[in-house]
Amino acid sequence: MAQKIVAGNWKMNLNLNDAKALVQNVNQQNKREDVTVMMFPPALFVADVAAESNGIKVGTQNFYFEEKGAFTGEVAIDQIRSVGGEIALIGHSERRSIFGESDALLKQKVDAAVSAGFDFIFCCGEPLEIREAGTQEEYVKAQLEAALFHLPKEAVQDVVIAYEPVWAIGTGKTATSDQAEEMHAAIRSWIVDSYDQDTAEKVSILYGGSCNENNAKELFSCPNVDGGLIGGASLKADAFCAIIDSF
Ligand code: PGA
């Protein structure tokens with residue numbers, strides 16, 4: 001069975017004091033042991049947030065695929081691990097669109113994470129014009145085929161996928177639960193086609209894009225939605241804990 005996951009992507013928000021207060025508040029309020037909670041603070045704060053994590057899985061929003069060297073401004077998996085980080089996002093739409101990360105680069109990051117035995121959430125999702133053209137399934141399938149589905153079955157079963165329609169991220173415009181379920185069911189069926197049913201059932205598929213304490217319950221009740229990757233609403237402990245409690 002896929003794990004239930006609620007993950008907070010803090011993006012480039014909060015300072016160190018806010019970051020520590022947020023993880024402490026979430027720890028005080030959250031009583032759910034059946035939901036895996038994850039936090040993705042700015043890389044600079046991973047050590048401090050991990051020190052307070054108390055069971056929350058902490059990681060980075062990005063990393064570079066090389067082990068070390070002359071890559072100014074980047075962080076390596078071993079460095080993240082050395083400060084208590086256990087997981088990273090790969091291919092968030094903001095990395096793809098603002099920082100120009102290509103499918104080829106994302107594939108190198110996926111391979112680096114797998115060979116280091118480091119967990120990751122692979123993000124995918126279509127922009128508005130693709131949704132309007134009705135070709136979102138071909139688009140998302142191509143993203144997965146380009147950077148994820150080359151992995152062997154043993155590696156894929158540990159992967160978490162986040163479906164985040166770009167038109168819903170930070171816009172207050174959520175996908176309807178029908179739209180989310182349709183894409184999540186399609187993603188799971190492609191895993192069955194590329195691997196098998198057993199593998200597909202182990203992969204958690206999260207929804208992201210203006211998910212909040214008001215709509216999480218309906219989204220999480222969809223059979224193929226195993227949780228959420230939360231941006232804006234992960235920055236307030238009350239809202240984030242209410243989302244965790246939506247299961
Ligand atoms: P949002 O961001 O919840 O603020 O829309 C989600 C994300 O980008 O992961």
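Student: What makes a backbone N or O atom of Gly231 and an oxygen atom of the ligand a polar contact?

Tutor: Happy to go through it, keeping in mind that this is a predicted model. The backbone N or O atom of Gly231 lies 2.9 Å from an oxygen atom of the ligand. The cut-off for a pair of N or O atoms is 3.5 Å, so this pair counts as a polar contact.

Student: How do you know that Glu164 and Ser210 make polar contacts with the ligand too?

Tutor: By the same kind of check. An N or O atom in the side chain of Glu164 is 2.6 Å from an oxygen atom of the ligand. For Ser210, a backbone N or O atom lies 2.7 Å from a ligand oxygen. Both pairs are within 3.5 Å, so both are polar contacts. Around these contacts, the protein covers 94% of the 290 Å² of accessible area that the ligand has on its own.

Student: Why is the ligand said to sit in the second largest pocket?

Tutor: The space taken by the ligand is that pocket, and the test asks that more than half of a molecule's atoms lie within 2 Å of the grid points. The pocket holds about 220 Å³ of space. Its lining has 19 residues, with Gly170, Ser210, Gly231, Gly232 and Ala233 nearest the centre.

Student: What makes seven residues of the shell around the ligand polar?

Tutor: Their residue type decides it. Gly counts as polar, whereas Glu and Lys count as charged. By class, the shell has four nonpolar, seven polar and two charged residues.

Note on methods:
Residues are numbered from 1 along each chain as its sequence is written. This is a predicted model: local features need pLDDT of at least 70, side-chain atom pairs count only at pLDDT 80 or more; totals for chains, interfaces and linings use all residues. Side-chain values use heavy atoms; hydrogens and water are left out. A polar contact is a pair of N or O atoms within 3.5 Å; within protein, one must be able to donate a hydrogen and the other to accept it, and residues adjacent in sequence count only if both atoms are side-chain atoms. Accessible areas come from the Shrake-Rupley method with a 1.4 Å probe; for residues, only the protein chains shown count as cover. On a 1 Å grid over the protein atoms alone, a cavity is a set of points where a 1.4 Å probe fits but cannot get out, and a pocket is an open set with protein on both sides within 12 Å along at least five of seven lines; lining residues have an atom within 4 Å of a point. Grid points are joined across faces, edges and corners, and a volume is the space filled by probe spheres set on the points.
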